[in-house]
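Colleague: Can you walk me through this model? I'm new to reading structures, so keep it plain.

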Amino acid sequence: MNKIKTLIIDDESLARDLLHHYLSKDERIEIIGECSNGFEGVLAIQELNPDLVFLDIQMPKITGFEMLELVPNPPVIIFSTAYDQYAIRAFEANAIDYLLKPYPSERVTAALNKAVEKLMSKTTAPEISKLIETHDEESGMLNRVVVKSGRKIQIIPVESIHYIESQDDFVMIYCSEGHFMKQKTMKFFEQHLDEKQFVRIHRSYLLNLSYISEIQQYEKESWIVLTKQGAKLKVSKTGYANLKEKLK
Amino acid sequence: MEHPVTANKISGLIYWFLTVAIGITQAVFNSYYQILPVTVAFVDGLTFSLVLGILGVALWYVVRYNDPEKSAVIQIIVSHFASAIVFTSLWILSSGIIVKILINDSLYDHYLGSLITERIIGGLLFYALLVSVYYTYVYSQHNQEKQLREAEWRHQIRKTQLSALKSQINPHFLFNTLNSIASLTLTNPEKAHGMVIALSDFMRYSLRKQQDDMVTLEVELRNIGLYLQIEKIRFGNNLVYRFDVEKECNHHLIPNLILQPLFENAIKYGVYETSKPVEIILEARKLPASMELKLINNFDPESVPQKGEGVGLANINDRLLLLYGSTRLLSVVREKTQFLVTMIIPDIAEISH
């Protein structure tokens, strides 16, 4: 059997050293890289194509969870975190494994055994997305959204989102920084953005009230919102009712 | 509860003065209207009033025994009714015997007999009056005690609030530090050794916070130094810090651990969120009647905080308000790449107990 290509992502060098020390004793593992933040992590996963990633959650700029949102087909993940109640709850049902710092070498071996089993059966992808979903439900209101275009990763504060357009099974986020595709549902954003600020004006649009410039009647039962940036968005009958309610 | 007559000199003096005054009034009255010889009138008046006074002192114990907070009203009324009869009889009988011994005069005997009804009524009235005075006294004493207990209780609540507002050791920090130590024990035992000692000292300081509320700036900064030393081992050159303290500020008293959350914030939003170096500067300056503390740190303008900041700051503000009674001691300015917190510590802490 080939060795398991493993990537370590943790912002603290001492934490990486410790994991490195544990893993180098295991014959099955080949460490192909180490990253100190989520940005590097996303690129390394795409370029090095690891089988297994040890991933910290609290890191500069973007968290381990946000990082995974940007990776289309994530490898097997073992989380490694110091203290995170929510994460622990999220893991309970779905994780391949999670390690609580500081952990002993036996604990790493046990996690590795599980990972090997998963890699053999090759059914990991759905579990990761399920795991992210669980985390979404736990995470409450969004403060920021992490997006990627090409090699560039951007963190968008929710205040700068103008509107969100749904497109099949993903959404397009229009914001001051440009527009970005995101593998999430409209329903997710509707639930996790402040409802005082964001209004569903149409089946396809979730609008930030701060960016409305004008509302025009278009036909008898349809309207159009003009945003401050000049975009024209259709408003449905229920959408108009929602809008009126929020602008009262 | 002490006896109101013997509790302090003034109340005792007033009591006995009134007793004697009643006796003299009676004597003057008797010698004038009843045409008693002046000596006889005085012996009679003073004897009766002094015996009344002595019995009145003893009456206190009847009042204490019939505490309205412990016994039923009916029981108290019945018991005072009986006691009033005993009191009055005892007064007239014992006073009568004494005056009979002192004054051997048949004319006086007649006078003594003729006044018996008035004396019974007078005795009962005196009884009622004195009992009311005693009960008023008991009531006011209870009230004072209650107020005292309430004040004590409020102080306790405030103390609890304060300790809740003080920073707790952040579990994220603790477990990450322990993980760093675990790593260093394998690669650099000497450094691990230093880190365990720094962590122990830091924790000891944070745990004993219940005991002293106020510490000198010097002591507080020494502890923050331990914290920063630990974080520096974890983050290396990404964390730079400097204390700029005027000499006379070193011994200024501040609420303990009040700066800790500010440094934690600076690290959380500065160091944790970027891979570039972050510098934290503390400046302390003496002002007339106060001290000004300034904490400045730079941060990565591209980082968007994950969760709302300000819980720590609100806690500090609440704590300053509880201790100094002002809401304007803390100010926060967020510039493009710099975060600036200014805190004013008045010279005297108005810690009311």
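Modeller: Let's start with a term. A residue is buried if 20 or more other C-beta atoms lie within 10 Å of its own, exposed if 12 or fewer, and partly exposed in between; the C-beta atoms are placed from the backbone.

Colleague: OK. Is Glu283(B) buried, exposed or in between?

Modeller: Glu283(B) has 16 other C-beta atoms within 10 Å, so it counts as partly exposed. Glu283(B) sits in strand β4 (residues 278-287) of chain B. Helices and strands here are DSSP runs, numbered from the N terminus: H or I with at least four residues for a helix, E with at least two for a strand.

Colleague: What does Glu283(B) touch, leaving out residues up to four places away in sequence?

Modeller: Asp244(B) and Lys294(B). Touching means contact: the C-beta atoms, placed from the backbone, lie within 7 Å. Also, Glu283(B) and Leu295(B) are 12 residues apart in sequence, and their C-alpha atoms are 6.5 Å apart.

Colleague: Where do these numbers and letters come from?

Modeller: Residues are numbered from 1 along each chain as its sequence is written, while chains are lettered from A and ligands numbered from 1 in the order in which they are written. This is a predicted model, so local features need pLDDT of at least 70 and side-chain atom pairs count only at pLDDT 80 or more, but totals for chains, interfaces and linings use all residues.

Colleague: What are the scores?

Modeller: The model has ipTM 0.74 and pTM 0.64. The average pLDDT of chain B is 85, and 93% of its residues score at least 70. pLDDT is the predictor's confidence in each residue, from 0 to 100.

Colleague: Where in chain B is the pLDDT below 50?

Modeller: Over residues 349-353 of chain B. That stretch has eight contacts in the model beyond near neighbours in sequence. Where pLDDT is low, the predicted coordinates should not be read in detail.

Colleague: Give me an overview of both chains.

Modeller: Chain A has eight helices and 15 strands. Of its 248 residues, 40% are buried. Chain B has 11 helices and seven strands. Of its 353 residues, 29% are buried.

Colleague: And contacts along the sequence?

Modeller: Take contacts with a separation of 6 or more. In chain A, 53% of those link residues 24 or more positions apart. In chain B, the figure is 73%.

Colleague: How many residues of each chain are in contact with the other chain?

Modeller: 20 residues of chain A are in contact with 22 residues of chain B. On the chain A side, α1 (13-23) and β7 (152-157) give two or more residues. The largest share, five residues, is from α1(A). That side divides into nine nonpolar, six polar and five charged residues. Ala, Val, Leu, Ile, Met, Phe, Trp, Tyr, Cys and Pro count as nonpolar; Asp, Glu, Lys and Arg as charged; the others, Gly among them, as polar.

Colleague: What do the buried residues of α7(B) pack against?

Modeller: They pack against α1 of chain A, together with α8 (189-207) and α9 (217-235) of chain B. Phe173(B), Ile181(B) and Leu184(B) are among those buried residues. α7(B) covers residues 171-187, 17 in number, and reaches 24 Å from its first C-alpha to its last. That is close to the expected 24 Å, taken as 1.5 Å times one less than the number of residues.

Colleague: New topic. Which sheet should I look at in chain A?

Modeller: Try the open one of five strands, in the order β10-β9-β8-β12-β11, with antiparallel pairing. β10(A) and β11(A) (198-202) stand at the edges with a single partner strand each, so one side of each has no neighbour in the sheet. Strands pair if DSSP finds at least two bridges between them.

Colleague: How many bridges join β8(A) to β9(A)?

Modeller: Six, between β8 (161-167) and β9 (170-175) of chain A. Ile164(A) has Ile173(A) as its bridge partner. The two strands form a hairpin with two residues between them, and Asp168(A) in the turn has a positive phi of about 50°.

Colleague: And from β9(A) to β10(A)?

Modeller: Five bridges, again antiparallel, with β10(A) at residues 178-182. Cys175(A) has Gly178(A) as its bridge partner. A hairpin through two residues joins these strands.

Technical notes. Contact = placed C-beta atoms within 7 Å.
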